[in-house]
Amino acid sequence: MDKLHIRGGTPLEGEVRISGAKNAALPILAATLLADSPASVGNVPHLRDVTTMIELLGRMGVSVTVTDKMRIEVDASTIRECIAPYELVRTMRASIVVLGPLLARFGKADVSLPGGCAIGARPVNLHVDGLRALGADIHIENGYIRARADRLVGTRLVLDTVTVTGTENLMMAATLAEGETVIENAAREPEVVDLANFLISMGAKIHGAGTDRIVVEGVKKLHGTSYDVLPDRIESGTYLVAGAITSGHVRIKGTRPDHLDAVLVKLRDAGATLGIGPNWIELDMRNRRPRAVDIRTAPYPGFPTDMQAQFAALNTIAEGTAAVTETVFENRFMHMLEMRRLGADIRIEGNTAIIHGVEKLTAAPVMATDLRASASLVLAGLVAEGTTEVLRIYHIDRGYECIEEKLAQLGAHIKRIPG
Ligand code: UD1
């Protein structure tokens, strides 16, 4: 298994381009199943999760062609079977987003239950209940969600928790349902909006994406389209924190500053000077130690849970004490224990971590159990004295395109050690 070696202590300086958003690309690729002619998706990040989604579609018999570096063409007309097998779903929970499209377009779907996950229970009950309310017949059998339906029928769905992929699955299913579907308490994440825009470009009738009430007027069929995925706000935030934690000066380009409001507020609170343009953000933290910032995660537009670990890393070396509270997922503090091994002063009380900033971290081998946790360990490694070894970086490769190249471009001393 590959690992990363990071020699800490260099303030980052320079410019980096942000890739397409993983969490938009995955449901958009799944949504191509709904079209009756080929769809072309651009600005797709080159990531392991994307490869898994392509493999998943390929196993079903769907034709997938990668035309150039960032563009993927999908023709679902060659589909043979509507199955998402356990061996793929267990490596990527987001595979669940094929459930809605398969059911709506082909009337059947056998999707493995994702099972346990490093960041808590993460059930899919709301996906299943919502599809049942749309008229699907669903049984859980041998670890699989077996769903069948003739044509789904629109209805009013009230989600009792805000769920991103749940909203996406139901919105996709509703596009081909008979009549109107209303999704109340819908997730408002930019990736939900991007998926809605993609569906609209295929002929879907959707209103209200980006609000907590999405209305979908079902149509008989959807057609192919050509679409570019929006920039990744979590990758954007991660490189900004990399600049801040190293007291550096970085500019990220090809991003959407308007999707990062909650993160930018916290970076300013931490003492960063920010310059913001239409598609770029510049962060200057030179000659300053970051100040501790309290974080409380919440669904969009609140502070993203996918940025919690990175800000925890920032707080470990900040001036002062911060409370980091995780409200979206249980059990998403594994990185805190690893950061303690680098010398961080962290106390955990329920879903809050109290972090006292220390003057310096010192290198150690560390291991991560999920994607954003691994990113936070890389960030901590950028400031730790000595060479930090980050193990199990396949988690990072699931969600960060060429992380070591992009960080090296900013001046970090980072090396991938193949293993
Ligand atoms: C998505 C993102 C993930 C991000 C998360 C929260 C993708 C591919 N992944 O994950 O990166 O961390 O949103 O922003 O977009 N829940 C239920 N029942 C359900 C579904 C969810 O109780 O049927 C709960 C979950 O346990 C969790 C909360 O709802 O506590 C939010 O989870 P959800 O928004 O569904 O996360 P994902 O869509 O899996």
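This passage walks through selected features of a predicted model, from its strands to its ligand site and a few unusual backbone spots.

A good place to begin is strand β1, which covers residues 3–7. This strand has two faces: Leu4 and Ile6 make up the covered one, while Lys3, His5 and Arg7 make up the uncovered one. Strand β1 is paired with two other strands. It runs antiparallel to strand β24 (residues 413–417), with five bridges joining the two, and within this pairing Ile6 stands opposite Ile414. The pairing of β1 with strand β23 (residues 387–391) is also antiparallel, and here there are four bridges. His5, from the uncovered face of β1, has Glu389 of β23 as its bridge partner.

Another pairing to look for involves strands β20 (residues 345–349) and β21 (residues 352–356), which run antiparallel and are joined by five bridges. One opposing pair is Ile346 with Ile355 in β21. Together β20 and β21 form a hairpin, and two residues lie between the strands. In the turn, Gly350 has a positive phi of about 60°.

The ligand is the next stop. Which residues come nearest to the ligand? Of the 18 residues around it, these are Asn125, Thr163, Thr165, Asp306 and Val328. The shell can also be sorted by class, and it then holds eight nonpolar, seven polar and three charged residues. Helices take part in this shell as well: α5 (125–133) and α6 (164–175) each contribute at least two residues. The largest share, three residues, comes from α5.

Several close approaches to oxygen atoms of the ligand can be traced atom by atom. From the side chain of Thr163, a polar atom lies 2.7 Å from a ligand oxygen. The backbone takes part at Val164, where a polar atom is 2.8 Å from an oxygen of the ligand. Asp306 uses its side chain, with an N or O atom 2.6 Å from a ligand oxygen. Taken alone, the ligand exposes 740 Å², and the protein buries 85% of that area.

Helix α6, which supplies residues to the ligand shell, also contains Asn169. Is Asn169 buried or exposed? With a relative accessible area of 0%, Asn169 is buried. Its side chain has two contacts to examine. In one, the side chain of Asn169 reaches the backbone oxygen of Ile96 at 2.9 Å. In the other, the side chain of Asn169 makes a polar contact with the side chain of His127 at 3.0 Å.

Two aspartates show how burial can be read from the model. Asp284 sits in strand β17 (residues 280–284). Its relative accessible area is 18%, so Asp284 counts as buried, since the cut-off for that label is under 20%. The side chain of Asp284 makes a polar contact with the side chain of Arg286, at 2.8 Å. Asp68, by contrast, is found in strand β4 (residues 63–68) and counts as partly exposed at 46% relative accessibility. Asp68 and Gly42 are 26 residues apart in sequence, and their C-alpha atoms are 9.2 Å apart in space.

Cysteines deserve a short look too. In general, a disulfide is a covalent bond between the sulfur atoms of two cysteines. How many disulfides does the structure hold? The count is zero. Among the cysteines, Cys82 is buried, with a relative accessible area of 9%, whereas Cys402 is partly exposed at 34%.

Finally, some backbone details are worth finding on the model. Cys402 lies in the loop between α13 (394–399) and α14 (403–409), and its phi is near 45°, a positive value in a residue other than glycine. Asn142 also has a positive phi, near 50°. This residue is in the loop between β8 (137–141) and β9 (144–148), and a relative accessible area of 67% makes Asn142 exposed. One further detail concerns a peptide bond: Tyr300 and Pro301 are joined in the cis form, with omega about 10°. Pro301 is placed in the loop between β18 (295–296) and α10 (308–316).

Terms used. Residues are numbered from 1 along each chain as its sequence is written. This is a predicted model: local features need pLDDT of at least 70, side-chain atom pairs count only at pLDDT 80 or more; totals for chains, interfaces and linings use all residues. Side-chain values use heavy atoms; hydrogens and water are left out. Buried means under 20% relative accessible area, exposed over 50%, partly exposed in between (1.4 Å probe, protein chains only). Two strands pair if DSSP finds at least two bridges between them. A disulfide is a pair of cysteine sulfur atoms within 2.5 Å. A residue is near a molecule or strand if one of its heavy atoms lies within 4 Å of it. A polar contact is a pair of N or O atoms within 3.5 Å; within protein, one must be able to donate a hydrogen and the other to accept it, and residues adjacent in sequence count only if both atoms are side-chain atoms. Accessible areas come from the Shrake-Rupley method with a 1.4 Å probe; for residues, only the protein chains shown count as cover. Ala, Val, Leu, Ile, Met, Phe, Trp, Tyr, Cys and Pro count as nonpolar, Asp, Glu, Lys and Arg as charged, and the others, Gly among them, as polar.
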